[in-house]
Amino acid sequence: MAVLFQKFQKFVGTLAKSPTFAKDPRRLQFETDINRLFLYTSYNRVGKDAEEADIEEIINMASKSDLADQEKQVQENIHSQITNFCTFMDHILLPESKSDDETSQQHTTPPRRSGLSLAIGRNAPPNTQVDIPETKPLTFAESRQRLKELMGYTLELKPSQIPHEQAGRGLFVDGEADVGSVIALYPGVIYSPAYYRYIPGYPRVDAQNPYLITRYDGTVINGQPWGTGGETREAWTQSSVYRPHPSEVRSETGSDRVWKMLSKPLEASRVGFTGEVLERRNPLALAHFANHPAKGTEPNVMVCPYDFPLNEKGMRAYIPNVVFGGVEEVKMKRFGSFWFKSRGESNDGQQTGPVMKSLALVATRLIRDEEVYLNYRLSNSKRRPSWYTPVDEEEDRRRWS
């Protein structure tokens, strides 16, 4: 199996040189990433018992299938894994004596204020009654340990092994995760480009917040309000604009003060948001703590866009995101067990439904009891932190071209 994987990795390394990719540098990098994700997640889905013919077929499909088909398969592969994860979490947290219909009718409880709810906005009509299903009285640590027993791995936070003072806590895999596994989900508030001006700190949104990430389509996710999770299932509703904890505030430069005077984030007084019940004891909702690798160290995960279909009601509590300004209504078409955005005119097999543009971290090799490293790909057109060493300068340039 190791020999097969070496062959597989060698092919992955040649992707960016393929003449079939688009000429636009940014598009080139996007297609390269999707191609890699197709290979990694398909390899994972085949399983450890894969034979050489299986690997050859995956490589052949990656070479010949178009980008749209590869995107669909990546989504199908990721969705399959997340479905399994949600099933495990139901087994861990839902009372065995209750059916799904029964648990959905449990305890009508007032919403609890939390970091994520504070990031959504203010002055909206408050939700006074939110249905929160009954769950087992397990702690986050207990949930984390039970997930490891069922899935083979979980996540934990502890001091990073990267030798610079700003590394802080690092994200570690506890157990063993095979290549192509969904390692973590990026939690927090999702902002489409239309709502950038509502991001706390706008326009210098990253000045005091290291937990922002951007998808290729421009969607921004703010992981700061999620923090390290919680100890219960909570209702997350619209409240007031998030203000960072004093310990999270960085020193302010003269330039920062000027930007504050020139502009400020818009208040969310006219932006609607309906409450969501999210499971704060989600062991995988820690992707925002993954560090960039130190010099001489290779990343072991990569970012994967994941459009979660909100018609999957039974899984919603384990997707650790809320959407600022409302979700996107799109045409959906079934592909296998998953619903995808469709550009076609045919109504066959289609339905209208909302999607939530989230992100996952996918393993690019087997990870066993070690720290998770993500290539941040910081723009080379701006001043980078002193600790940042590019993994691939050309990839950074293409990503932000």
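In this predicted model, Arg 27 counts as partly exposed, with a relative accessibility of 37%. Its partner Glu 31 counts as buried, because its relative accessibility is 13% and buried means under 20%. Arg 27 and Glu 31 form a salt bridge in which the closest N and O atoms are 3.3 Å apart. Both residues belong to helix H2, and as they stand four residues apart, about one helical turn separates them.

Helix H2 itself deserves a closer look. It runs over residues 25–46, and at 1.5 Å a residue its 22 residues should span 32 Å. The C-alpha atoms at the two ends of H2 are 32 Å apart, so expectation and model agree. Of the 22 residues of H2, 17 are buried, and the helix is therefore largely enclosed by the rest of the structure. Just after H2 comes Gly 47, a residue with a positive phi, near 100 degrees.

Helix H2 also takes part in a contact with a distant part of the chain. Side chains of opposite charge can pair when their charged atoms come close. Here, Arg 36 forms a salt bridge with Glu 395, and the closest N and O atoms are 3.0 Å apart. Arg 36 lies in helix H2 and Glu 395 in helix H9 (residues 393–399), so this pair links parts of the chain that are 359 residues apart. Both Arg 36 and Glu 395 are buried. The two residues also belong to a network of salt bridges, in which they are linked with Asp 33 and Arg 377.

The structure holds 23 salt bridges, and another one of them joins Asp 307 to Arg 215, with 3.0 Å between the closest N and O atoms. Asp 307 is found in strand S11 (residues 301–309), while Arg 215 is found in the loop between S7 and strand S8 (220–222), so the pair ties together parts that are 92 residues apart in sequence. Asp 307 counts as buried at 13% relative accessibility, and Arg 215 counts as buried at 6%.

Aromatic rings provide a further set of contacts. A pair of aromatic rings is described by the distance of the centres and the angle of the planes. The structure holds eleven aromatic pairs. One of them is formed by Tyr 195 and Phe 324, whose rings lie 5.5 Å apart, centre to centre, with 65 degrees between the planes. This pair is edge-to-face, because planes over 60 degrees apart count as such. Tyr 195 sits in the loop between strand S6 (188–191) and strand S7 (212–214), and Phe 324 in the loop between strand S12 (321–323) and strand S13 (328–335). The pair therefore ties together parts that are 129 residues apart in sequence. Tyr 195 is partly exposed, with a relative accessible area of 22%, whereas Phe 324 counts as buried at 2% relative accessibility. Tyr 195 and Phe 324 also belong to one aromatic cluster, together with Tyr 191 and Tyr 198.

Rings can be found beneath charged groups as well, as two examples show. The charged end of Arg 280 sits over the ring of Trp 226, at 4.7 Å from its centre. Lys 158 lies over the face of Phe 172, and here the distance from the ring centre is 4.7 Å.

Definitions and conventions: Residues are numbered from 1 along each chain as its sequence is written. This is a predicted model: local features need pLDDT of at least 70, side-chain atom pairs count only at pLDDT 80 or more; totals for chains, interfaces and linings use all residues. Side-chain values use heavy atoms; hydrogens and water are left out. The expected span of a helix is 1.5 Å times one less than its number of residues. Buried means under 20% relative accessible area, exposed over 50%, partly exposed in between (1.4 Å probe, protein chains only). Rings of Phe, Tyr and Trp (its six-membered ring) pair if their centres lie within 6.5 Å; planes under 30 degrees apart count as stacked, over 60 as edge-to-face and the rest as tilted. A charge sits over a ring if NZ of Lys or CZ of Arg is within 6 Å of the ring centre and within 35 degrees of the ring normal. A salt bridge is a side-chain nitrogen of Lys or Arg within 4 Å of a carboxyl oxygen of Asp or Glu.
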